[in-house]
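Here is my notebook from a first look through this structure. Have it open beside you and follow along.

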Amino acid sequence: MIEVKNITKKYGNFVAVDDISFTVKDGEIVGLLGPNGAGKSTTMNTITGFIEQTEGNVVINGYDTLKRPKRAKSQIGYMPEGVPLYDDLTIKEFVTYMAELKKVKRKGRKEKVQDMIKKTGLTEMQNKLIKNLSRGQKQRVSMAGALVGEPKVLILDEPTVGLDPKQITEIRSLIKELGKEHTVILSSHILSEVSQICDRVIIINKGKIVAEDTPENLENKVSSNNVLYVTVEDTENKIESIKEKITGIKEIKLIETNEDKTKKYMITGEKDEDLRKKIFTEFAKEGITIFEMKKPEATLEDAFMKIIGEGGKE
Amino acid sequence: MIAIIKKELKNYFFSPIGYVVIAIFLFIFSAVFYDSAINTGTTDLTSIFLFVAAYGGLMFMIPLLTMWSIAGERKSGTDQLIMTSPVSMLGVVMAKFISAVIFIIIPLIFTLMYFGILCHYQVPDIPTYLTSMLGFFLLSMTYIAFGILSSSITESPIIAGILTVAFIFAVTWLPEMISTLSGFSLMNPFLNFLMGKIDIAVTVMFITLAILFILITMIIMQRRKSVK
């Protein structure tokens, strides 16, 4: 369990993180979202004890990072942003070094190192020097380094940046699997990734938490009920007169004309009312053929933009 | 901490740095040995230690050993890995210090070779040889502590190296050139060891200086943690 209590981090007069509090329960995967410079990495660096907060406390599995730093740190596996590694070591040497740093007992250390190398898919290249690896491979080495020693808490700063789609899928499923036994905080700016992996999302902007909820709830918050997209075949352009026939339509707007002469419209209702039934029957009466009718799907992107936008207006 | 020492020592041997440091030492030592033993015919090894300590030997060996220690980690970002592992700040700094100190013993062991050669002709004064080694070791230790300190100030290993060269120059040659600075010389106290004495006061001074430099390093790193 990670408890972040009223963390503030100041650089001179600049407040990078402003009174942030949140809790991550055991076995939960939480995504930290926010635009660049929002304070994600600063928050993560504070949790890992790499930097010290100006005010507030971080408690990891009951150990305060300032009062019991060694105990707190031994709970954490950290994958820093930009995957810093030792270029002159081989993969095996690096993971072994990380295991030693984390005080993994000599007995069984080799097996644990091999286990992690296997889990991250690096077995065949484990004797290669890190400087000769590709970006994606380095990412996985960094991941292996964070995972070795089976820390209860994982802090992953942008874990999938620079990977190819196949590797991204692999890393994601690895994180998901790890989330069953570990407490995970990850930061990302790829929203689809966060909505796929995370149980909960914390959106940070300008050093403050602006939203905290499950990805689904965040999406629902911004989805509007009164907008519909219809694609119709309407050769006689009868849709113009439809507006008067159905009560509750505020606006019908042509969005695009497709190659097969069907047209896509956006219909906005006046109230938060489902108009689909009415539209279906009225369109049929007028001889307008409906090819497609759907509600807009709100994505986390929309939620994010909306929330960040609101925060920006303050 | 032991993990870091192991890694540092490995690093000295798997990169050219370690070999260059030993080579500098052996080159100067051999050259002076050739001159003193073969040309002059003395069995005095102490003057060679003085030569290595004063004429460029340590001035290049120590910066090479220490310039990367903390600055290099910060440059590559790997300090994030060490500082977030369950090792205390003191543990990290001490590990860096100890590994360089252990390494500097290696060239000292090589001097046994010259000692052996001399034994073939006439056994040199063993106590003087041992105190010279001790003095050389203590002096190196103080320099290493400063090297670690300068490596913690900057993110650039080159600047850290230059700072260390400047420091060693300042405590070796500046007091010779400007007499009012003679109190700052570390070379004069070192001479006592070359005369076959174990000077307790000087030993304490060297160790105290080393502790002081390590403490300043700790303060700098702690401050960076809360300011960064």
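I began with helix α1 (residues 40-48) of chain A and listed its buried residues: A:K40, A:T42, A:T43, A:M44, A:N45, A:T46, A:I47 and A:T48. That is eight of the nine residues of α1(A), so the helix is largely enclosed by the rest of the structure. I also looked at what follows α1(A), and found A:G49 with a positive phi, near 85°. A reminder to myself: this is a predicted model.

Next I turned to chain B and asked how helix α3 (residues 46-54) packs against helix α8 (residues 126-153). I noted an angle of about 10° between them, with their axes 9 Å apart. Because angles under 35 degrees count as roughly parallel, I wrote down α3(B) as roughly parallel to α8(B). I marked their crossing as right-handed. From α3(B), the contact is made by B:T46, B:F49, B:V52 and B:A53, and from α8(B) by B:T128, B:Y129, B:S132, B:M133, B:F136 and B:L139. I sorted these residues by class and got seven nonpolar, three polar and no charged.

While I had α8(B) in view, I checked its packing with helix α4 (residues 57-66) of chain B. Here I read an angle of about 45°, with the axes 9 Å apart. That makes α4(B) oblique to α8(B). The crossing of α4(B) with α8(B) is right-handed. I found B:L58, B:I62 and B:T66 of α4(B) meeting B:F136, B:L139, B:S140, B:Y143, B:I144, B:G147, B:I148 and B:S151 of α8(B). By class, I counted seven nonpolar, four polar and no charged residues in this contact. I kept one general point beside this entry: an α-helix has 3.6 residues a turn, so residues three or four places apart point the same way.

Then I picked out a single residue, B:E73, and placed it in helix α5 (residues 71-76) of chain B. Is B:E73 buried or exposed? Its relative accessibility is 7%, and buried means under 20%, so B:E73 counts as buried. Leaving aside residues up to four places away in sequence, I listed what B:E73 touches: A:Y86 from chain A, and B:E8, B:W68, B:T78, B:D79, B:I82 and B:K96 from chain B.

My last entry is on cysteines. How many disulfides are there over all chains? I came to a count of zero. I looked at two cysteines for their accessibility: A:C198 counts as buried at 7%, whereas B:C119 is partly exposed at 30%.

Terms used. Residues numbered from 1 in each chain as written. Chains lettered and ligands numbered in written order. Predicted model: local features only at pLDDT ≥ 70, side-chain atom pairs only at ≥ 80, totals over all residues. Heavy atoms only, no water. Disulfide = S-S within 2.5 Å. Buried < 20%, exposed > 50% of the residue type's maximum accessible area, 1.4 Å probe, protein only. Helix = DSSP H or I, 4+ residues; strand = E, 2+ residues; numbered from the N terminus. Contact = heavy atoms within 4.5 Å. Axes fitted to C-alpha atoms, helices over the stretch in contact; angles between N-to-C directions. Parallel < 35°, antiparallel > 145°, perpendicular 65-115°, else oblique. Left-handed = near helix turned anticlockwise from the far one by under 90°. Nonpolar A, V, L, I, M, F, W, Y, C, P; charged D, E, K, R; others polar.
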